[in-house]
Amino acid sequence: MASYQLSRRTFLATAAVGGGVALAFHWPFGEKDARANKDAPELNAPEINAWVVIRPDDTVVIRVAHSEMGQGVFTSLPMLVAEELECDWTKVVAEYASPTENFRRNRVWGDMSTNASRSVTASRQVLLHAGAAAREMLIAAAASRWNVPPSECKAAHGVITHLPSGRTTTFGSVADAAAHFEPPEKVALKDPKDWKLIGTPQRRLDVRAKVEGKPIYGIDVRVPGMLYAAIVHCPVVRGTLRAVDSTKALRMKGVRHVVSLPDAVAVVADGWWQASQACEALEVAWDEGDNGRLSTADITERLRDGLTAKDTTVALSNGNVAAGLQNATTRVEADYFVPMVAHATMEPQNCTAHVANGRVEVWAPTQDGEAALTVAADAAGVPRGQVIVHLTMLGGGFGRRGPMQDFIREAVLIAKEVGRPVQLLWSREEDIRHDFYRPPAMARMTAGLDAAGMPIAWNVRISGQSIMMSLSPELEGTGVEPFFLDGFTETMPYRVPNYSVEYAV
């Protein structure tokens, strides 16, 4: 498959291990894994466990299974590992875990999705245990070298000390030996009061490189022999392509291919601007389907109908709201409306893909490396084991690059037809027009106040499209969706004696 050749930045990609060997890692630390990346050439260092690689110069590479898109997980997640590892924080570097290796190694890094601001909370225990296990393996290696009990040794700041004799060694000196020790079955974690790194202000590991323009975002990827693709989508959701006349576009300089997709047309050219200009020369006929007759006024009317509908779902009910409103000194009612909102990421949707010889390689700014791998495999019609996914930095995500991997599917389909590496880049206009918008919603708030002006009754009626059902239609009719009502139900910050929440889809 193709390899990186970058024109203006230096990039160190996570190399995938070849050979198609299936490996497993049993978590947490019950059995020794096969350590697929122990001798990975780009690290030239042993892997202590799936999260920790230590180089001979004492550099500690900590792998991150979630996507860094400005929220700081490239620092916060390594801090969790480093706290228990007892390494020298100034020698820590972070790198992405490989979605490909996660699949081959029985999901050793677990869920790689980055959504709902839960990377730290969902990873905390696993990462603390990973750091502690690696620390114990390093101590065991040093104790074996000195022929002393591990209990007589202590690790701190990347140095292991034999307490009775004062002998010391560094992590890098024993890392190769430590990699061959069995992971401990159980490890004791620190009491939070003894934390030395977590909870302290630290400079983010990624900021300096970003200021200097070093990290590679999806839009920066360059692959030998790569072509560029621009795309135009059907202007109506769930509309399809009826016909396209590409005669004029194919006559334009640099244009190589016009690729028809079920709901879009892509132009592939030597440069992206050439492809973009050629898109404007396409003569396309769309089948807009039933949604072609839908208008903003229709959507608004349906939302407003929900505010008075009888067939609502009660999401939460405390006390007696009707009695509370009747006994209130003052009654207040107001309606609120929120329109559709686009994610509007700074970096438009993009993906670079190469499909050849039954294998797929993609470079993608995604919030879910596992989903990217699955979507790429499905689009190319190959097993997931034949897909390599390289994670890049993201120029914003906000959920747009999470479960919605449409840009990856399109890039793979285009590359499969073209037979060469292709970088698909949506224009800013396409990115905004074809976002998966936050649904519009209306809410009617009815509250009753006592003589002191304090609320004693409050009814919330929300009308809007379910976020989850828009992504997974099979969930329709399964009940109230917590994401759409977030902040009004269990997470409601205020306490009102008589309170109810109703939901109308």
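## Exercises on a predicted model

Ala372, Val375, Ala376, Asp378, Ala379 and Ala380 of helix 10 meet Ile408, Arg409, Val412, Leu413 and Lys416 of helix 11. Keep in mind that you're looking at a predicted model.

**Exercise 1.** Work out how helix 10 and helix 11 cross, and what kinds of residues make up their contact.

*Solution.*
- Start with the axes: helix 10 (residues 369–380) and helix 11 (residues 406–418) come within 9 Å of each other and cross at roughly 35°.
- Next, the hand: this crossing is right-handed.
- Now sort the contact residues, and you get eight nonpolar, no polar and three charged.

**Exercise 2.** Describe how helix 1 and helix 3 are placed against each other, then list who touches whom.

*Solution.*
- Here the axes of helix 1 (residues 73–85) and helix 3 (residues 119–146) come within 6 Å, and the crossing angle is roughly 40°.
- Angles under 35 degrees would count as roughly parallel, and 65 to 115 as roughly perpendicular. Helix 1 and helix 3 are therefore oblique to each other.
- The hand of the crossing between helix 1 and helix 3 is right-handed.
- On the helix 1 side, the contact uses Val73, Ser76, Leu77, Leu80, Val81, Glu84 and Leu85. Helix 3 brings Ser119, Val120, Ser123, Arg124, Leu127, Leu128, Gly131, Ala132, Ala134, Arg135 and Leu138.
- Sort the residues of this contact and you end up with eleven nonpolar, four polar and three charged.

**Exercise 3.** Lay out the sheet of four strands: find its order, its edges and the helix that packs on it.

*Solution.*
- The sheet is open, its strand order is 1-2-3-4, and the pairing is mixed.
- Look for strands with a single partner: strand 1 (47–49) and strand 4 (92–96) stand at the edges, so each has one side without a neighbour in the sheet.
- As for twist, neighbouring strands in this sheet are turned by 30° against each other on average, ignoring direction.
- Zoom in on one pair: strand 3 (residues 60–64) and strand 4 run parallel and are joined by five bridges. For Val61, the bridge partner in strand 4 is Val93.
- Finally, helix 3 packs on the sheet, where it touches strand 1 and strand 2 (52–54). The direction of helix 3 makes about 125° with that of strand 1.

**Exercise 4.** Do likewise for the sheet of three strands.

*Solution.*
- This one is an open sheet in the order 5-6-7, with antiparallel pairing.
- Its edge strands are strand 5 (153–156) and strand 7 (168–170), and each of them pairs on one side only.
- Neighbouring strands in this sheet are turned by 20° against each other on average, direction ignored.
- Four bridges hook strand 5 up with strand 6 (residues 159–162), and the two run antiparallel. Ala156 sits opposite Val159 in strand 6.
- Helix 4 (residues 171–178) packs on this sheet and touches strand 5, strand 6 and strand 7. Its direction makes about 75° with that of strand 7.

**Exercise 5.** Where is Gly487 found, and which residues is Gly487 in contact with once neighbours within four places in sequence are left aside?

*Solution.*
- Place the residue: Gly487 is in the loop between helix 13 (467–471) and strand 21 (498–504).
- Check how exposed Gly487 is: its relative accessible area is 26%, so Gly487 counts as partly exposed. The cut-offs that matter here are under 20% for buried and over 50% for exposed.
- Leave aside the neighbours within four places in sequence, and Gly487 is in contact with Met492 and Pro493.

How values were computed. Residues are numbered from 1 along each chain as its sequence is written. This is a predicted model: local features need pLDDT of at least 70, side-chain atom pairs count only at pLDDT 80 or more; totals for chains, interfaces and linings use all residues. Side-chain values use heavy atoms; hydrogens and water are left out. Axes are lines fitted to C-alpha atoms, for helices over the stretch in contact, and angles run from 0 to 180 degrees between N-to-C directions. Angles under 35 degrees count as roughly parallel, over 145 as roughly antiparallel, 65 to 115 as roughly perpendicular and the rest as oblique. A crossing is left-handed if the near helix is turned anticlockwise from the far one by less than a right angle, and right-handed if clockwise. Contact means heavy atoms within 4.5 Å. Ala, Val, Leu, Ile, Met, Phe, Trp, Tyr, Cys and Pro count as nonpolar, Asp, Glu, Lys and Arg as charged, and the others, Gly among them, as polar. Two strands pair if DSSP finds at least two bridges between them. Buried means under 20% relative accessible area, exposed over 50%, partly exposed in between (1.4 Å probe, protein chains only).
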